[in-house]
Amino acid sequence: MKPQHLLPALLFLAAPAWADEIAELCAEAEERYAELFGQPSSSVEDAEVVLMYKYTFCPVELTVKAGTTVRWVNVDKRTSHSVLLKDGSEPESDRLFPEETVELTFLTPGPQEYLCGPHWETQNMIGMITVEP
């Protein structure tokens, strides 16, 4: 199955049966972030933060204004992840080990699907950034 078909399927499954599970998982991810960095991810002023935790991007979907930097942070304890834009406009990031980050600034309006290179196929680790003008 190609990655472009997985996100809609994941979102369909997430509402409502998986919504609580994803919300719980993302709450755990946020607790882990605060534990590691001493503040909530919402206090970051220079970027929008997406957490990588237990084969999930938190949040799964994010809407930002053009020119916004998105910072992915691995808050897992042992697993490495990467960020790969589905359209191939950027090379896949290096593997991010626990507590490591990668950033991309989004300039072009529109949807931008991304995935974790090693985990999109086996774990459906896929996310969506929607860039508004």
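**Notebook: a pocket, two cores and two buried residues**

I began with the second largest pocket and asked which strands line it. β6 (101-106) and β7 (110-115) each supply at least two residues of its lining. I noted that this is a predicted model.

**Entry 1: the pocket.** I looked up its volume next. The second largest pocket holds about 240 Å³. I then listed its lining, which has 14 residues. Nearest the centre of the pocket lie S89, F106, L107, T108 and Q112. I also sorted the lining by residue type. Seven of the residues are nonpolar, five are polar and two are charged.

**Entry 2: the cores.** F106 came up again when I turned to the largest nonpolar core. That core has 18 residues. Which of them touch the most other members? I found F57, V70, W72, F106, Y114 and I129. Then I checked which strands contribute. β1 (48-53), β3 (61-65), β4, β6 and β8 (126-132) each supply at least two residues of this core. β6 gives the most, with three residues. I found another core lying apart from this one. It has 14 residues, including I22, A47, V73 and V75.

**Entry 3: T68.** I picked a residue from β4. T68 lies in this strand, which covers residues 68-74. Is T68 buried or exposed? Its relative accessibility is 18%, so T68 counts as buried. The cut-off for buried is under 20%. I followed its side chain and found that it reaches the backbone oxygen of K65 at 2.6 Å. Then I looked for contacts, leaving aside neighbours within four places in sequence. On that basis, T68 is in contact with E48, L104, T105 and F106. I had already met F106 among the residues nearest the pocket centre.

**Entry 4: S80.** I moved on to a loop. S80 is found between β4 and β5 (84-85). I checked its accessibility too. The value is 9%, so S80 counts as buried. What does the side chain of S80 make a polar contact with? I found the side chain of R95, at 2.9 Å. R95 is also on the contact list of S80, again without neighbours within four places in sequence. The others on that list are N74, L96, F97, P118 and H119. Last, I compared sequence with space for one pair. S80 and E99 are 19 residues apart in sequence. In space, they are 9.8 Å apart, C-alpha to C-alpha.

Methods
Residues numbered from 1 in each chain as written. Predicted model: local features only at pLDDT ≥ 70, side-chain atom pairs only at ≥ 80, totals over all residues. Heavy atoms only, no water. 1 Å grid on protein atoms, 1.4 Å probe; cavity = no way out; pocket = protein on both sides within 12 Å on 5 of 7 lines; lining within 4 Å. Points joined across faces, edges and corners; volume = space filled by probe spheres on them. Helix = DSSP H or I, 4+ residues; strand = E, 2+ residues; numbered from the N terminus. Nonpolar A, V, L, I, M, F, W, Y, C, P; charged D, E, K, R; others polar. Buried < 20%, exposed > 50% of the residue type's maximum accessible area, 1.4 Å probe, protein only. Polar contact = N/O pair within 3.5 Å; in protein donor to acceptor, adjacent residues only side chain to side chain. Contact = heavy atoms within 4.5 Å. Core = buried A, V, L, I, M, F, W, Y, C linked by side-chain atoms within 4.5 Å.
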